[in-house]
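Here are a few warm-up exercises to work through with the model open. Try each one yourself before peeking at the solution.

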Amino acid sequence: MSVNPAKQTELETLLAISSGLNSAQGSERFKAIMHQVLGDLCQTIKKFDITDEEFWLAVNYLNELGERKEAALLAAGLGLEHYLDMRADEKEAAAGNETGTPRTIEGPLYVANAPLSKGFARMDDGHEKAEAMWLHGQVTDINGQPVAGAVVDIWHANTMGGYSFFDPSQSEYNLRRRVETGADGRYAVRSIVPCGYGCPPDGPTQKLLNGLGRHGNRPAHVHFFVSAPGFKHLTTQINLNGDEYLWDDFAFATREELIADPVKITDQSLAQQRDIPAPHT
Ligand code: MBD
Ligand code: FE
């Protein structure tokens with residue numbers, strides 16, 4: 001179909017053409033989604049009588065978001081990533097599926113291929129003066145049976161709230177480890193107590209949040225991927241109880257079942273042990 005480009009088109013025609021509905025090529029699903037999104041955007045422009053100035057501000061904002069690689073950070077801050085969890089939960093419930101530890105958002109700071117070991121790992125490079133932290137757990141199936149050979153991929157921030165690879169002051173893979181469970185399904189790591197994360201104060205995400213009167217902070221937390229052959233991949237986190245942002249997370253990741261109560265170890269002999277005794281939970 002050919003159109004006279006000099007002629008002003010009606011909105012519906014414009015949207016149909018711009019989202020490729022007239023083309024025999026491309027993806028039908030993608031076209032339908034773009035058609036919806038573009039229509040919604042035009043409605044918003046109309047509803048708020050968006051000025052040319054505001055329009056170009058938004059376009060430049062997208063460039064800035066890309067330049068600073070903060071698109072995923074913004075998606076978390078707007079609650080869109082959390083919405084994926086809400087949808088997934090709804091679907092599991094509707095299907096009547098039993099679920100174990102609840103999922104929560106991955107966030108933008110995962111790095112693949114962290115060092116892999118069996119049963120235990122030390123996560124910190126020892127360069128930071130910080131309080132030691134032991135994490136341990138057991139991977140089980142829905143019936144509580146231990147899962148051997150599961151890979152628990154753990155990552156978290158340092159005491160400044162920074163993540164290795166994104167924070168150039170840290171060594172490669174600092175505070176990022178993968179631990180494979182043994183026959184008992186258990187894993188343990190020694191690390192350091194993390195601090196909460198805050199969005200880069202000069203970045204586009206924080207700029208947008210400022211306009212909404214919101215902060216960009218997360219409570220202290222530890223990320224987990226748990227995977228094993230024959231099981232669904234789990235993306236989750238624990239949030240450390242006592243943090244002021246526990247229930248005020250800018251990324252909406254806190255869940256009741258995912259709050260961990262840190263226990264202070266005062267027994268030095270226990271603290272010095274590399275392999276901590278099998279916990280019962
Ligand atoms: C983080 O550490 C994080 O976990 C999320 C979801 C967003 C920003 C930083
Ligand atoms: Fe995080």
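**Exercise 1.** Work out which spacing the donors of the iron ion (ligand 2) follow along the chain, and which atoms they use.

Solution. Start with the sequence pattern: the donors of the iron ion (ligand 2) are spaced Y-x57-H-x1-H. Keep in mind that this is a predicted model. Next, put names to the letters: Tyr163 gives its OH, while His221 and His223 each give NE2, at 2.0 Å. Last, look at where the ends of the pattern sit. Tyr163 is in the loop between strand 4 (151–156) and strand 5 (176–180), and His223 is in strand 7 (residues 221–227). The two are 60 residues apart, so this pair links distant parts of the chain.

**Exercise 2.** Find which side chains have an N or O atom 2.8 Å from an oxygen atom of ligand 1, then add the contact from Arg218.

Solution. Take Tyr163: its side chain has an N or O atom 2.8 Å from an oxygen of ligand 1. His223 gives the value 2.8 Å too, again to a ligand 1 oxygen. Then turn to Arg218, where a polar side-chain atom lies 2.6 Å from an oxygen of ligand 1. As for cover, ligand 1 has 260 Å² of accessible area on its own, and the protein covers 100% of that.

**Exercise 3.** Describe the shell around ligand 1 by class, and say where ligand 1 sits.

Solution. List the neighbors, among them Leu73, Ile105, Pro108 and Ala251. Sort the shell and you get 7 nonpolar, 3 polar and 1 charged residues. Finally, place the molecule: ligand 1 sits in the largest cavity.

How values were computed
Residues numbered from 1 in each chain as written. Chains lettered and ligands numbered in written order. Predicted model: local features only at pLDDT ≥ 70, side-chain atom pairs only at ≥ 80, totals over all residues. Heavy atoms only, no water. Polar contact = N/O pair within 3.5 Å; in protein donor to acceptor, adjacent residues only side chain to side chain. Areas by Shrake-Rupley, 256 points an atom, 1.4 Å probe, with all protein chains shown as cover. 1 Å grid on protein atoms, 1.4 Å probe; cavity = no way out; pocket = protein on both sides within 12 Å on 5 of 7 lines; lining within 4 Å. Sits in = over half its atoms within 2 Å of the grid points. Nonpolar A, V, L, I, M, F, W, Y, C, P; charged D, E, K, R; others polar. Donors = N, O, S within 2.8 Å, 3.2 Å for Na, K, Ca; no water. Helix = DSSP H or I, 4+ residues; strand = E, 2+ residues; numbered from the N terminus.
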